[in-house]
Structures are given as structure tokens and as C-alpha cells.
Amino acid sequence: MQWDLGFGAVALLAAMSLAFGLIARLIVGKGLPKWVWLLSAVAYFCAAILVSGVFFGWATEEELQPNIDGLSFDEVQLVTLAGLIAALMARYLIRRKRRPEKPVHGTPA
């Protein structure tokens, strides 16, 4: 079956991508350039197109519910989960690098 995303699906996916980019920026916080939210939004959009169109494009409309104008909505939420996990890992790594190392007691400084 050929899946073509309609205008509504592309608009919904664009809105979800922008929201994801802003939420990822809030999660990561300081430590990265301010434009990284846009990069994460574009990556989210591309990954969601890949998941919806390539990985689940073979399925019928009855198998993929809800299907919004050709967009496999539930399957795209897997991209959201993976992206949020990546944002939390980035936050952890950035904050770990910023933490000053504590001197070990009993050793000269």
C-alpha cells in the first residue's frame, strides 16, 4: 500500500516537531548553543517521516490506528519517546562535565 502524507499530517507533524524541539531545549537547558532546538526539531520531523512512511508504510489503515491523514500517529510517538530519552541523556552528560571534581580527602591538593 502506498502511504502519502496529506497536508493535515504534515502540518500536525511540523507542530509536533517544533514542540519537541522546544521541550528538548527546556530539558537540556544551558550548555548547548541556542539553535540546537531547531536541529532537534528537524531531526524529529525526519525520524517521524521515516518511521511512519518507511517502517510502518506497509500496514493497512485498519492495522494502524489512529491514522491521521496518512500519518501513523502512535508509531510516531515512539520517536517522541526515543528523542526524550536522548535529551535526558544529553542533559546528564552536559551536567556531569560541568561538575567540578571533588578532591579526595587525605591527599595533598
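A residue is called buried here when its relative accessible area is under 20%, exposed when that area is over 50%, and partly exposed in between (1.4 Å probe, protein chains only). The structure is a predicted model, in which local features need pLDDT of at least 70, side-chain atom pairs count only at pLDDT 80 or more, and totals for chains, interfaces and linings use all residues. Residues are numbered from 1 along each chain as its sequence is written, and side-chain values use heavy atoms, with hydrogens and water left out.

The protein chain has 109 residues, of which 29% count as buried. Its secondary structure consists of three helices and two strands, taken as DSSP runs numbered from the N terminus (helices: H or I, at least four residues; strands: E, at least two). Read from the N terminus, the order is α-α-β-β-α.

A few single residues help a newcomer to find the way around. Threonine 80 sits in helix 3, and it counts as buried because its relative accessibility is 17%. Its C-alpha atom is separated by 8.6 Å from that of alanine 48, although the two residues are 32 apart along the chain. Leucine 26 belongs to helix 1 and, at 70% relative accessibility, counts as exposed. From leucine 26 to tryptophan 37 the C-alpha to C-alpha distance is 9.0 Å, with their positions eleven residues apart in sequence numbering.

Helix 1 (residues 7-28) also holds valine 10, which is partly exposed at 34% relative accessibility. Together with Leu5 and Ile49, Val10 makes a nonpolar surface patch of about 180 Å². Such patches are made of residues with over 30% relative accessible area and no salt bridge, nonpolar side chains (Val, Leu, Ile, Met, Phe, Trp, Tyr) being joined within 5 Å and like charges within 9 Å. A salt bridge is a side-chain nitrogen of Lys or Arg within 4 Å of a carboxyl oxygen of Asp or Glu.

The largest pocket encloses about 260 Å³ of space. Its lining has 17 residues, and Phe20, Ala24, Ser40, Gly83 and Ala87 are the closest to the pocket centre. Lining residues are those with an atom within 4 Å of a point of the pocket, an open set on a 1 Å grid where a 1.4 Å probe fits, with protein on both sides within 12 Å along at least five of seven lines. Helix 1, helix 2 (36-55) and helix 3 (73-98) each contribute at least two residues to this lining, and helix 3 gives the most, with six. By type, the lining comprises 13 nonpolar residues, three polar and one charged.

Conventions: Accessible areas come from the Shrake-Rupley method with a 1.4 Å probe; for residues, only the protein chains shown count as cover. Grid points are joined across faces, edges and corners, and a volume is the space filled by probe spheres set on the points. Ala, Val, Leu, Ile, Met, Phe, Trp, Tyr, Cys and Pro count as nonpolar, Asp, Glu, Lys and Arg as charged, and the others, Gly among them, as polar.
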